[in-house]
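Here's an informal walk through a multi-chain model, written for someone who'd rather look at the structure than at a table. Have it open on your screen as you read.

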Amino acid sequence: ASARDQVQVAGSSTVLPYASIVAEAFGENFDFPTPVVESGGSSAGLKRFCEGVGENTIDVANASRKIKDKEIAACAEAGVTDIIEVRIGYDGIVFASQLNGPAFTAFEPADIFNALAEKVLKDGEIVANPYTQWADFNADLPAADIMAFIPGTKHGTREVFEEKVLLAGCEATGAMEAMVASGMSEDDAEGACMAVRTDGKSVDIDGDYTETLASIDANPNGIGVFGLAFYENNTDKLKTATMSGVEATTESIASGDYPVSRPLYFYIKKAHIGVIPGLKEYAEFFISDDMAGPDGPLAEYGLVSDPELAATQAAVAAEETMQ
Amino acid sequence: MNDMRIVRKDVDMNDTKISAKGVQVYYGDTHAIKDVDVEIKDKTVTAFIGPSGCGKSTFLRCLNRMNDTIDICRVEGKIELDGEDIYDKRVDPVQLRAKVGMVFQKPNPFPKSIYDNIAYGPRIHGLAKNKADLDEIVEKSLRRGAIWDEVKDRLHAPGTGLSGGQQQRLCIARAVATEPEVLLMDEPCSALDPIATLQVEELIDELRENFSVVIVTHSMQQAARVSQKTAFFHLGNLVEYGDTEQIFTNPKDERTESYITGRIG
Amino acid sequence: MNDMRIVRKDVDMNDTKISAKGVQVYYGDTHAIKDVDVEIKDKTVTAFIGPSGCGKSTFLRCLNRMNDTIDICRVEGKIELDGEDIYDKRVDPVQLRAKVGMVFQKPNPFPKSIYDNIAYGPRIHGLAKNKADLDEIVEKSLRRGAIWDEVKDRLHAPGTGLSGGQQQRLCIARAVATEPEVLLMDEPCSALDPIATLQVEELIDELRENFSVVIVTHSMQQAARVSQKTAFFHLGNLVEYGDTEQIFTNPKDERTESYITGRIG
Amino acid sequence: MSDFTADNGPTNGTAKTSLFTQTARTKRRNAAETRFKVYGIGAIALGLFFLVALLFSIVANGIPAFKQTFVTIPVELTEAKLDKNGNRDPADLAKVTTFGYKPLVTSALIVALKEQGIEIPFAKEKDVEDILSSSVAAQVRDTVLANPDLIGQTVDFRLLASSRVDGYFKGRVTRESLVRDKNLDAEHLDVADAMVDAGLMKTSFNPAFIFGSDASESRPEQAGIGVSMIGSFFMMIVVLFLALPIGVAASIYLEEFAPQNKWTDLIEVNISNLAAVPSIVFGILGLAVFIQFAHLPQSAPLVGGLVLTLMTLPTIIISTRASLKAVPPSIRDAALGVGASKMQSVFHHVLPLAMPGILTGTIIGLAQALGETAPLLLIGMVGFIASNMPDGITAGFLSPNSAMPAQIYEWAKRADPAYYERAWGGIIILLVFLMTMNIIAVILRRRFERRW
Amino acid sequence: MPVLWLFILVLALGLIGFVLGRARALKDAQGDIRLLHSLPSYYGSNVLLATLIPGFAVLVLWLIVQPMVIHGQVAGMIPERGLSDYGSLNLAMSDVRRVAEGLDIAVEQGALSAEQARDIRTEFTDIRGRLGEVGVALGSNVQPYVLQAAQKYRAMNATGHWLMSAAVIAAAIAGFAIAYMRTGKDMRARNSVERVILILLLSAASIAILTTIGIVLSLIFNTIEFFKLYPATDFFFGTTWSPSFGGGSELGILPLFWGTFYVSIIALIVAVPIGLFAAVYLSEYAGPKVRAIAKPLLEVLAGIPTIVYGLFALLTVGPLLMSIFGQDGGLGWMQGGRSVMTAGLVMGVMLIPFVSSLSDDIINAVPQAMRDGSLGLGATKSETVKQVVLPAALPGIVGAILLAASRAIGETMIVVLGAGAAAKLDLNPFEAMTTVTTRIVSQLTGDADFSSPEALVAFALGMTLFVITLALNIFALYIVRKYREQYD
Ligand SMILES: Nc1ncnc2c1ncn2[C@@H]1O[C@H](COP(=O)(O)OP(=O)(O)OP(=O)(O)O)[C@@H](O)[C@H]1O
Ligand SMILES: Nc1ncnc2c1ncn2[C@@H]1O[C@H](COP(=O)(O)OP(=O)(O)OP(=O)(O)O)[C@@H](O)[C@H]1O
Ligand SMILES: [Mg+2]
Ligand SMILES: [Mg+2]
Ligand SMILES: O=P([O-])([O-])[O-]
């Protein structure tokens, strides 16, 4: 087998757009070949990342979540010990609907919880979700049928959605309290809070945001959960609602005001640095101000720039590994 | 051996059953049947004789429009059954073939059980009221086909697992089971031993009482034994057509004579 | 009509070509051939006769192991060709079949041109040095099969577009083209007119000078005309085997007699 | 069909009926016949209707992808910016990145607009750069690096317009739809209109879509399917040259030579079962066997081809076996009877007769392989992969590449609606590719078709 | 490229063997082909094969073994320090290979002479720079021991190549000679050639088996892993499928199986009648022109990427069904555009050519005599088709349908886009459901921790599906055996 000379990246499809923009510019400006950026999901990417070291394994794994301890252990077992973690920024999650559809302009986590949870608190009792229209529980919302397209359980976005919206809504409506009061354990109550109704009002989307978009296109009352970057490319069709009164923008997310966002990462095998040509250069280029800075092409595309980018740059330059 | 006997029974040579006028058949460019006129009488056995490749099968297949299935085959002229043009647009070849049954030169049993082979025709024509009826038809037909004894214990074995002669008799029985008005038989006894041949000939004789039978045969003896009318084909032409007795004893055309006496083939 | 003549030439009844001992054939549970012993002489024509379904074809197919191709068929006993057991493990059935050629009961031309049908055998056996050679073999074989005149203008037309009798002769020509030492012919004249039959019989007679021929026939006359030895099968048994003359004039077994005189079928 | 019709009993043989008048039963049977035939025509019409509907929507959606809007302007390649040392040393030249070239092009655009007297309606003149694709800097840089002598001159460049501007000329983007779009403003469109009038901007056929390579998310206008087409091509070569012979050989063995026993049954069942294995599982297998065990390179068309071969084999084997089975035994007998070996009878007679079915299996199998994405996901052929044409045949098989369906799949997922149009355009090309492949097989198949 | 040359050389040797073998056989028979056991070309092929097989066998073996040997030898030159520098021997060796390759390219391009390449030292030359000039990028500066190892690597490689060439040629010539000497008029050349072909056929058939073994092996370990984490009874008999990130997922396979079954059945209900009727019409009724056009056109349906079908289901068929069966149509059976029905219908369209084209070929292969027999009895065409032709073609048709069913079971994209992602046990075909295959894909490509049951379940699903379809296929085989009708 002849030696591989391009950087091989795999993992999250959420990070893929950013990685591809970087890879393209990297290929244009460096003498190294353009890196190969595969998609296939954070989990699949990390799995291949942890397969071992050597040319027939990948160098970088993109992930839309932090690597898990069990995965680090699995990595170590296969000899992948020195891992450099790089946080590239944040991904905002917005609640969008048809531009000309009902006036969904402002949501609270409680609204989403009432609309989509399996069990809600109504008249002081925990009941199976009885609402069919948004106005049923919040007169400020349009009297439109509830129809939501939320990420399926394969997506990391779902986890964020459950924790930062449903759970928050559950607590805000007092449902959580009521559940605990009714004798549920804290954990069970949390689980129940995050359970989504299954009567067809909430549809899991296992594909990508394009699929969510198509679903909303076909359904005027639909609310979709999108990544910010996706929304920004489709402002001609979609409008977003504020969450807890904050509009989703790169600024509000970067500042932490907007509640629903998640960090994006990539992971590097330190062992491959110095062996795979261009690996370190690629990593440094990715988080350089030119690319990942607030005015760089990544931010322009929709990445919420990391306020602590400088620290990350220093860490990569020093090849600091996770402990 | 008693081949030379010429069976002769009283026949009332009734009306014309099938009349063909100016029939021409082409396979692509090959002119296989050349301007043939013939009248086939009802309640009569007509034999087609002639050297191999002279067009007997081709002409026979015209009579129930089996040639329709050969793409390159083109039929011209007029063929009437009971005075009705069978090539008329309004004629349904299916109904025609139900009336004019056929036994093919190469035995072609269906890849089904022996029973189903026979029951096939009666079923599609609705000849049996119930299972018992059908069983009866099957048995009767197999008996008429002189094969009952050999297959009665294996009615549900595949028809393709029979010997050559058995297949041939199966096909005869199959054709008889649908009770056609005219039965076209293309060398029905070619693979049969003398006894079986005799039985089939008896069947033909029996059929003649109600129906019209056309038989292609290479055996002059057989033609002489079973037929009342004989047509001699040669190179696509109908050379001579007449009473069997006359053809065999006093042929008008010298080609006929040569053939019968074994000089042309 | 000269059917009754029994051709008799001087034959030197040489060595045994094929000897079969205690042959049993089963189709699944059906016992089709029961303990048959027979010796087929070289340079001799042997006729197998017997009523339809008695096992003639089955036994014939044993002689060149064509029965190998039927899954449910099981052969027991010993068959030797020139003293070598043909069912021996070391025997290559291909080589055997090249030596022991076969004409099947149902004509089965390849779906190829007439020329290719004939040329196939010579090609795979390397009998022709070049194209001209091959052309010659094809012509000679077709002539021997008595079909040359009919097909010489359409050698490249498909063999499946021939009449029944033409197909049969094509298959004979095809078998002859490979020049086998033994030729097994299963009712080779069943679809042939008397003249063509005569020509094929002449061919058989000619072949006998160098080779051994086994022919299955339903025509007692034919058996009498062409063969020197006759075997009579009945219900899977070899009832009688002997010189043709003796079998036809003075059969030992009464079943033979009944068959020949047309009493059992 | 019921076996018996008791209602009107026997109709034949009793009363004479005219051929012209149909008996009740014949009428019924003929009605059934007509129905049957109509079902057949209906089935085909339905199939073709679906095909036409699909093709129509594909073509309607995809045609715009073949055109692209270009801007032609002179760009001054200022030495002070591009070669500070003035020594034309390639190493020094390469130090100026695309970020350095960008302002150069932007100012060239501003100059060109001013020359034509087109007003720039922005507070910051620089904002007009959004009219151009972000690929332009790289384009100019590549030209300069390839030919350093151009530095100091003013050169005409044909540059890509940005996807939104392009979309405006294709009707995808309107002034209203730009109101909330932060990528482009309605004023840009005014400038674009003026540029068209001035002859600076033109929408024309874009061969780069057919022959070019993928581009990143932010540059749909630059993306082409050419490189992944090459990837698919090399994969199909592998599939064709492995799956067809192996499939046919395996079928011949199983159908003609294998002893009929439990083992053969097991193999037979096994193969049918392989056809039901989800394609992504073949990807798992391919990753384990070809990349992790055999150390073949990742993302390589060779590996993709091998995986697709395994996936296609059952289809070819099943169809080949079915057509081998359908060849009448008398043909085999005839060949064996003249002393052909079993092998000869199969290769000379049975195989040619089974050819139509084999080719059908190949057509369907290859079509499936050509359109498959899932297994490629696991062996690294989906994502942002090929940015260069492979140089040479070995590289074609071994260097990282994607495949058409994977490319289309990726495009369809991307956020910018301009990619949606390209996805459909890609499907058109995929289908053209497929039909070219099919036509050859169909012509071959027709030569073998004959009823006997 | 020496390997290519070697390959060509062996091939050439084989071809010479063919000519000579053929000639020798002919000569032995004094030019009379008839004296030969087999056709002359078989003797030629025999020598050809006898040359190629040992030649290529040695070549392949050598190519596999040589890198291992060299790797072992060169690896010994990497000092302890190297392991800590690189983290693993594996990576150090990658660098060695890359440097060696760089030196090769440099020599090839004339940037270095062969001696220089052999002798240069890191102490005196900037290797990284020099190699960079010829276009070989290195990740870091070259360590002296790496350079030495690379030089050793090159040297061994060169020797290895020589030895290999010698061995391959020797093997080829030996095979050649033996086969050539054996060639004589009585040699059973055809038999030996055919034996080789038979072995080739057999090995082709065993690839299918190997694939199966490979699939089982690549699924089984993770499946076992899964069952260690998740109780098998819950998996097989659970009626809820709801994976969640925080753990506590319910992973019952039943709703998925129900979905798979339901979608496939609907797809087959669409595809089988349409496909069969189309096949019958094409082969029995249509003229040659119609057939020549319609058949390939229908086959295009099989080649349209499934994502297009998925979008078609989502954007066209779903809303269409909604307008009939949804609230708007007044029936109210349908909640959303995604449903078993949507996916099933669209998948059915995709499967039409699987049934139509394969069946058409098989029906066409039924001999005309069968049809004649039936038509001659006064059967209509349709009766002939239904009662004679189709039964005779049954095994092939069942094969085609099985293939379509397999495709339906394995299809992902259409289900993802058309049927939704809801795992439900419901009888209403207008409900969204999901299938095993789509769950395999989504659990495999999802965000769950890859060693969690949520991700590992993909393998268990794959394995279970494998076993169940196996059972179905055994059943199908049994049915075909039972009803097969052999013609002729
Ligand atoms: N493939 C088969 N499967 C089962 N039984 C068979 C098969 N072939 C022949 N038989 C049976 O074996 C017996 C002998 O058949 P065989 O074909 O040898 O008869 P035959 O003497 O050639 O008759 P014919 O003169 O009618 O051709 C018959 O009863 C026949 O039904
Ligand atoms: N399907 C066909 N295509 C082309 N030519 C054919 C076809 N069928 C028959 N022929 C030719 O037409 C002529 C008449 O054939 P036909 O089958 O009618 O002869 P036949 O009298 O039945 O002969 P046989 O006694 O040999 O069966 C022959 O020359 C034959 O070759
Ligand atoms: Mg005929
Ligand atoms: Mg027989
Ligand atoms: O592809 P994801 O892992 O980001 O969902």
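## A hairpin in chain C

Start with a turn: β4(C) and β5(C) make a hairpin that has 2 residues between its strands, and C:Asp82, in the turn, has a positive phi of about 50°. Before going on, a word on the ground rules: this is a predicted model, where local features need pLDDT of at least 70, side-chain atom pairs count only at pLDDT 80 or more, and totals for chains, interfaces and linings use all residues. Residues are numbered from 1 along each chain as its sequence is written, chains are lettered from A and ligands numbered from 1 in the order in which they are written, and side-chain values use heavy atoms, with hydrogens and water left out.

Back to the hairpin. Strands and helices here are DSSP runs numbered from the N terminus (helices are H or I with at least four residues, strands are E with at least two), and two strands count as paired if DSSP finds at least two bridges between them. β4 (residues 73–81) of chain C runs antiparallel to β5 (residues 84–85), with 2 bridges joining them. C:Glu80 has C:Asp85 in β5(C) as its bridge partner. β4(C) also pairs with β1 (residues 16–27) of chain C, again antiparallel, through 8 bridges. There you'll find C:Tyr26 opposite C:Arg74 in β4(C).

## A four-stranded sheet in chain B

Hop over to chain B, where 4 strands form an open sheet with antiparallel pairing, in the order β2-β1-β4-β5. The edges are β2 (30–41) and β5 (84–85); each has a single partner strand, so one side of each has no neighbour in the sheet. As a reminder, strands of a sheet pair through backbone hydrogen bonds, either parallel or antiparallel.

β1 of chain B (residues 16–27) pairs with β2(B) over 8 bridges, in the antiparallel sense. One spot to click on is B:Tyr26, which stands opposite B:His31 in β2(B).

## Two chains, two builds

Chain A comes out at 14 helices and 13 strands. Its radius of gyration (taken over C-alpha atoms; the globule rule is 2.2 Å times the number of residues to the power 0.38) is 21 Å, which agrees with the value near 20 Å for a compact globule of 323 residues. The C-alpha atoms fill a box of roughly 65 × 45 × 35 Å along the principal axes. In chain A, 65% of the 323 residues are buried, where buried means under 20% relative accessible area, exposed means over 50%, and partly exposed is in between (1.4 Å probe, protein chains only).

Chain E has 18 helices and 2 strands. A compact globule of 488 residues would have a radius of gyration near 23 Å, but chain E has 32 Å. Its C-alpha trace spans about 85 × 80 × 45 Å along the principal axes, and 58% of its residues are buried. Chain E exposes about 19,100 Å², with 68% of that supplied by carbon and sulfur atoms; for chain A the accessible surface is about 10,600 Å², 47% of it from carbon and sulfur. These areas come from the Shrake-Rupley method with a 1.4 Å probe, and for residues only the protein chains shown count as cover.

## A nonpolar patch on chain E

Which residues form a nonpolar patch on the surface of chain E? They are E:Val60, E:Leu61, E:Ile64, E:Val65, E:Met68 and E:Val69, with about 550 Å² of accessible area together. Patch residues have over 30% relative accessible area and no salt bridge; like charges are joined within 9 Å and nonpolar side chains (Val, Leu, Ile, Met, Phe, Trp, Tyr) within 5 Å. A salt bridge is a side-chain nitrogen of Lys or Arg within 4 Å of a carboxyl oxygen of Asp or Glu.

E:Val60 sits in helix α2 (residues 40–75) of chain E. Its relative accessible area is 47%, so E:Val60 is partly exposed.

## Where chains touch

Of the 8 pairs of chains that touch, D and E share the most contacts, a contact being heavy atoms within 4.5 Å. Chains A and B have no contact, and their closest C-alpha atoms are 51 Å apart. Chains A and C have none either, at 46 Å.

Now two residues with partners in another chain. D:Ser216, in the loop between α9 (207–211) and α10 (226–257) of chain D, has 0% relative accessibility and so counts as buried. Beyond its neighbours within four places in sequence, its contacts include A:Ser20, A:Ile21 and D:Phe384. C:Pro194 is in helix α7 (residues 194–208) of chain C and is partly exposed at 29%. With neighbours within four places left aside, C:Pro194 is in contact with B:His218, B:Met220 and B:Tyr259.
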